[in-house]
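I wanted a quick look through this one before doing anything else with it. These are my notes, in the order I looked things up.

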Amino acid sequence: MTRLVMKFGGTSMADLERIRRAARLVAAEYDAGHRVAVVVSAMSGKTNELVAWTDGAGKATGRAMEGDDEYDVVVASGEQVTAGLLAMTLRNMGYDAISMMGWQVPILTSDVHGKARILDIPPARLETALDAGQIVVVPGFQGVTESGRITTLGRGGSDTSAVAVAAAVKAIRCDIYTDVDGVYTTDPRVESKARRLKKISFEEMLEMASLGAKVLQTRSVELAMGQRVPVRVLSSFVEPGENIDQGTIVCDEDEIVEKHIVSGVAFSRDEAKITLLGLPNKVGVSAAVFSKLAAANINVDMIVQSEKRSGEYANQLFTVGRRDAQAAAEIMEAAKAEIGFDAIKVDENVAKVSIVGVGMRSHTGVAETMFRALSEKGINIQVISTSEIKISVLIDEAYTELAVRALHAAYDLDKIGQ
């Protein structure tokens, strides 16, 4: 029999009624002949509550709790609760279900507490249970170090757990159940004409996730692409039999017959623009700037440098996550004399808007269409960044939704699937 992994997010596990609905969806797949492993998130809002408790403990003891192994012990407990509740619900429905904690599977990870990475999942115990006809429920977001300490994978880590389990047991697919019924051409809350995509390539989904789309966590898509695990995104707010034609398959590009020039428009408001004015235009200066940011684990996204007329000095602009803006500015100010720039400017009122599509590889005029559509709406482009299948622009945050709608219309994304 084929193996299938199903993953339910926090909104799908929010209360007992939703857990019962998830159990009915699991039971339907089992009855259809699959051997089913299920990965669950904590109840919606529970992880935030647990993190707040660790913050309180940290303040009381004068310790920063994230990165502490006891932080992971506390924060990982939310998924343990939902795993047990789902297994109990399935048992009460007459199914042979068992929960396995991350340390029992085991899901072996690095020892970077709070942000661990999965190193290996020995499949023997999972496969034995599945082959015996048991439904195995695994808490997402957690693992264990070689020394036996509990770890957590960072926010959104349950998606990564699910894909990793699917790869370990050689599942035919990993179904991610969430509060939306698939991947859309853009956020339907911003553009009512957004269309659900039936299929999207791993590369496109990776770009969409990294550029602000909230449907899947970036690391989970990276893992799915590396392990060639097909992923289906679909809604958990349906009953068995109601979801036959819903969902989006994330798969190899070769499996997509109808390729679009642009498949989606993504956006992120979590952006801050930092400009260094009067930077010496000589070898090694950029290395000095970005090595200091890297040492502080600050991720830099877009980078632009322009020479002044004299050629001896330049202005350098880069973007970071908004939460890192203050720290980045303080690091640069502390190194001002060493690096030799004149001044620093920080602007947090910016947003990044991107178009993504594998069709860009073989079509011309994609950038021209984007820039013309924004120009016609009076939207000024501050920074441009490109890759083989995406173009991103930095704009004034106030124009974010207008830009998204303009680009969605410019590429006729409202006609996909018609």
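**Helix pairs to start**

I began with α6 and α8, and their crossing is left-handed. A reminder to myself that this is a predicted model. I then pulled the geometry: helix α6 (residues 157–168) and helix α8 (residues 218–227) pack at an angle of about 15°, and their axes are 8 Å apart. I have α6 and α8 down as roughly parallel to each other, because the cut-off for that label is an angle under 35 degrees.

Which residues do the touching here? On the α6 side I listed Asp-159, Thr-160, Val-163, Ala-164 and Ala-167, and these meet Arg-219, Ser-220, Leu-223, Ala-224 and Gln-227 in α8. Sorted by class, the contact of α6 with α8 has 5 nonpolar, 3 polar and 2 charged residues.

**Second pair: α1 and α4**

Next I checked α1 and α4, whose axes come within 9 Å and cross at roughly 60°. That makes α1 and α4 oblique to each other, and I noted the crossing as right-handed. From α1, the contact takes in Leu-16, Ile-19, Arg-20, Ala-22, Ala-23 and Val-26, while α4 brings Leu-85, Leu-86, Thr-89 and Leu-90. By class I get 8 nonpolar, 1 polar and 1 charged residues for the contact of α1 with α4.

I stayed with Leu-85 for a bit, which is found in helix α4 (residues 77–92). Is Leu-85 buried or exposed? Neither label fits: Leu-85 is partly exposed, because its relative accessible area is 23% and buried would need under 20%. Setting aside neighbours within four places in sequence, I find Leu-85 in contact with Leu-16, Ile-19 and Met-43. Leu-16 and Ile-19 are also on the α1 list for the helix contact. I also looked up the C-alpha separation of Leu-85 and Met-13, which is 9.5 Å, with their positions 72 residues apart along the chain.

**Aromatic pairs**

How many aromatic pairs does the structure hold? I count 3 aromatic pairs, and I wrote up two of them here.

One of them is Tyr-30 with Tyr-95: the ring centres are 5.8 Å apart and the planes sit at 85°, so I call the pair edge-to-face. This pair links distant parts of the chain, with Tyr-30 in helix α1 (residues 16–31) and Tyr-95 in the loop between α4 and β3 (97–99), 65 residues apart. Accessibility splits the two: Tyr-30 counts as partly exposed at 22%, whereas Tyr-95 is buried at 18%. I kept in mind that the buried label stops at 20%.

The other one I noted is Phe-290 with Phe-318, also edge-to-face, at 5.4 Å centre to centre and 70° between the planes. Again distant parts of the chain are linked: Phe-290 belongs to helix α9 (residues 285–295) and Phe-318 to strand β16 (residues 313–320), 28 residues apart. Phe-290 and Phe-318 are both buried.

**A buried lysine**

I then looked at Lys-7, found in strand β1 (residues 3–8). I list Lys-7 as buried because its relative accessible area is 7%, and the label needs under 20%. What is Lys-7 in contact with, leaving aside neighbours within four places in sequence? I got Val-39, Ser-41, Ser-158, Asp-159, Ala-162, Asp-175, Ile-176 and Tyr-177. Asp-159 had already turned up in my notes, on the α6 side of the contact with α8.

**Backbone oddities**

Last, I went through the backbone, since most residues other than glycine have a negative phi, and most peptide bonds are trans.

- The peptide bond from Val-105 to Pro-106 is cis, and I read omega near -5°. I placed Pro-106 in the loop between β3 and β4 (108–109).
- Lys-170 is not a glycine, yet its phi is positive, near 55°. I found Lys-170 in the loop between α6 and β9 (174–178), and it is exposed, with a relative accessible area of 68%.
- Asp-412 has a positive phi too, near 55°. I have Asp-412 in the segment after α13 (400–410), and at 40% relative accessibility it counts as partly exposed.

Technical notes. Residues numbered from 1 in each chain as written. Predicted model: local features only at pLDDT ≥ 70, side-chain atom pairs only at ≥ 80, totals over all residues. Heavy atoms only, no water. Helix = DSSP H or I, 4+ residues; strand = E, 2+ residues; numbered from the N terminus. Buried < 20%, exposed > 50% of the residue type's maximum accessible area, 1.4 Å probe, protein only. Contact = heavy atoms within 4.5 Å. Axes fitted to C-alpha atoms, helices over the stretch in contact; angles between N-to-C directions. Parallel < 35°, antiparallel > 145°, perpendicular 65-115°, else oblique. Left-handed = near helix turned anticlockwise from the far one by under 90°. Nonpolar A, V, L, I, M, F, W, Y, C, P; charged D, E, K, R; others polar. Phe/Tyr/Trp six-rings, centres within 6.5 Å; stacked < 30°, edge-to-face > 60°.
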